[in-house]
Amino acid sequence: MSPTPAPQPSPDPAPAHPAPLLHTAAALRDLPRRGGARAVVMTMGALHEGHATLVRTARRRVGPDGQVVVTVFVNPLQFGAGEDLDRYPRTLDADVELAVAAGAEVVFAPSVEEVYPGGEPQIRIAAGPMGTRLEGASRPGHFDGVLTVVAKLLHLTAPDIAFFGEKDAQQLAVITRMAADLNFPVEIVGVPTVREDDGLALSSRNRYLSSPERRTALALSAALFAARDRLTAEEALRARAASAGHPAQDRSAALAAIGEDRAAADAHAVAYAAAGPPHGPSVARAAARAVLEDAAHLDPPLALDYLALVDPSDFTEIPDGYQGEGILAVAAKVGTTRLIDNIRLVFGAPPPQDEAAHRAAPRSGGTMPDPGAPGTSAAPATPPSTPQGPLGVTR
């Protein structure tokens, strides 16, 4: 009889994290740099497909010889009194798995004591006037906290390029301005917003929404798409007026006189579009506000914080007659969950078709969640006029 073989030791379990997970600045300093560029994607964890898009965009940009570092840090400085710091989800194991699958080599997840070894810093970076508007007005001091931690993480990770999501448009703007004003040797890159199939912008806070709250939250993206569609119609009417061989007002009056009411109404719309300065900003605001006002009567209701159409350079409101790019931004609460969203609109000329698809469409298939070369989002080439489904740093 053959002797019973001795039991073999079980193989070592697979490591909990398939890529280096670093917790200290010293370990990050010891991380070898590759020959290519280093990119960083800053997050507060609870990663989702929007963050994965940031990481994939970073990976494509730096190529196989580059290095992608993802930071996971819930920054207490950017949470105000009564906000959800303790409630903010912490899912580090899942975050590492998602980051690595998307193309990251390293996840840097420091403790609060590691980032702020002396306690809350006495010296912080001030966001200036742009940081006091919209989100800054609703959350005083928020952007000072954002810029302070972003500056620290830029120093610690020492990247060549940093990627942030366009969903947090004001955050992206103040970070870009900080890097320029303070001569940070880093390129700041924005990555288009990633949306659910129903139009809701991806956010770590979406998980807080109940099913009825999520239906109400769709009003945010619906309002933005309504503004985009109304602006498109306004621009089309102005184009028709410009190409007409006779005054549109005369045509409207003539059609009304012979009883062609529908045609006369169409001609009157063309005449209105042709009169005076472009009305694009006001009609875009009105279209979005109508959707949001309806949502205030849903169950549960949407509680609007702000709707603003602003100049991307300083986040001041733009007037009628404005020519160029604007950002239509919205913030609202559904239940206890606060959501933000935005869309980029071009006044005076339509955006290139591929850019319009990137910036405005729901994905088919962003960011430091409060806190992303523009990357490619998984959006259909032709977005629907309204979100699909029943009627929202990182944030």
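This passage walks through two helices, a buried strand, the nonpolar cores and a three-stranded sheet in a predicted model. Residues are numbered from 1 along each chain as its sequence is written, and side-chain values use heavy atoms, with hydrogens and water left out. Because the model is predicted, local features need pLDDT of at least 70 and side-chain atom pairs count only at pLDDT 80 or more, while totals for chains, interfaces and linings use all residues.

Strand β2 (38-43) is a good place to start. Helices (H or I, at least four residues) and strands (E, at least two) are DSSP runs, numbered from the N terminus. Of the 6 residues in β2, 6 are buried, where buried means under 20% relative accessible area, exposed over 50% and partly exposed in between (1.4 Å probe, protein chains only). In a regular strand, side chains alternate between the two faces of the sheet. In β2, Arg38, Val40 and Met42 point one way and Ala39, Val41 and Thr43 the other. Strands count as paired if DSSP finds at least two bridges between them. β2 runs parallel to β3 (residues 67-72), with 6 bridges, and Met42 sits opposite Thr71 of β3. To get from β2 to β3 the chain passes through helix α2 (residues 49-62), in a right-handed β-α-β crossover; right-handed here means that, with the strands pointing away from the viewer, the path from the first strand over the helix to the second runs clockwise. β2 also runs parallel to β5, joined by 3 bridges, and Val40 has Ala162 of β5 as its bridge partner.

Next come the helices. The 16 residues of α6 should span 22 Å, and the end C-alpha atoms are indeed 22 Å apart; the expected span is 1.5 Å times one less than the number of residues. With 12 of its 16 residues buried, α6 is largely enclosed by the rest of the structure. Among those buried are His142, Phe143, Val150 and Leu154. Right after α6, Ala158 has a positive phi, near 50 degrees. Helix α7 (residues 169-181) has 13 residues and reaches 18 Å from first to last C-alpha, close to the 18 Å expected. Its buried residues include Leu172, Val174, Ile175 and Met178, and what covers the buried part of α7 includes α6, β5, β6 and β8. Just past α7, Asn183 takes a positive phi of about 60 degrees.

A nonpolar core is a set of buried Ala, Val, Leu, Ile, Met, Phe, Trp, Tyr and Cys residues joined through side-chain atoms within 4.5 Å. The largest one has 43 residues, and Val150, Leu154, Phe164, Ile188 and Phe315 touch the most other members. Elements giving it two or more residues include β2, α6, β5 and α7, with α6 giving the most, at 8 residues. Neighbours within four places in sequence aside, Leu154 is in contact (heavy atoms within 4.5 Å) with residues including Val40, Met42, Ala162 and Met178. Another core, of 30 residues, lies apart and includes Ala223, Ala284, Tyr322 and Leu328.

Finally, an open sheet of 3 strands has the order β7-β8-β9, with antiparallel pairing. β7 and β9 are the edge strands, each pairing on one side only, and the twist averages 15 degrees from one strand to the next. β8 and β9 share 11 bridges, with Leu328 opposite Ile343 in β9. Helix α11 (residues 280-295) packs on this sheet and touches β7, β8 and β9, its direction making about 170 degrees with that of β7; axes are lines fitted to C-alpha atoms, for helices over the stretch in contact, and angles run from 0 to 180 degrees between N-to-C directions.
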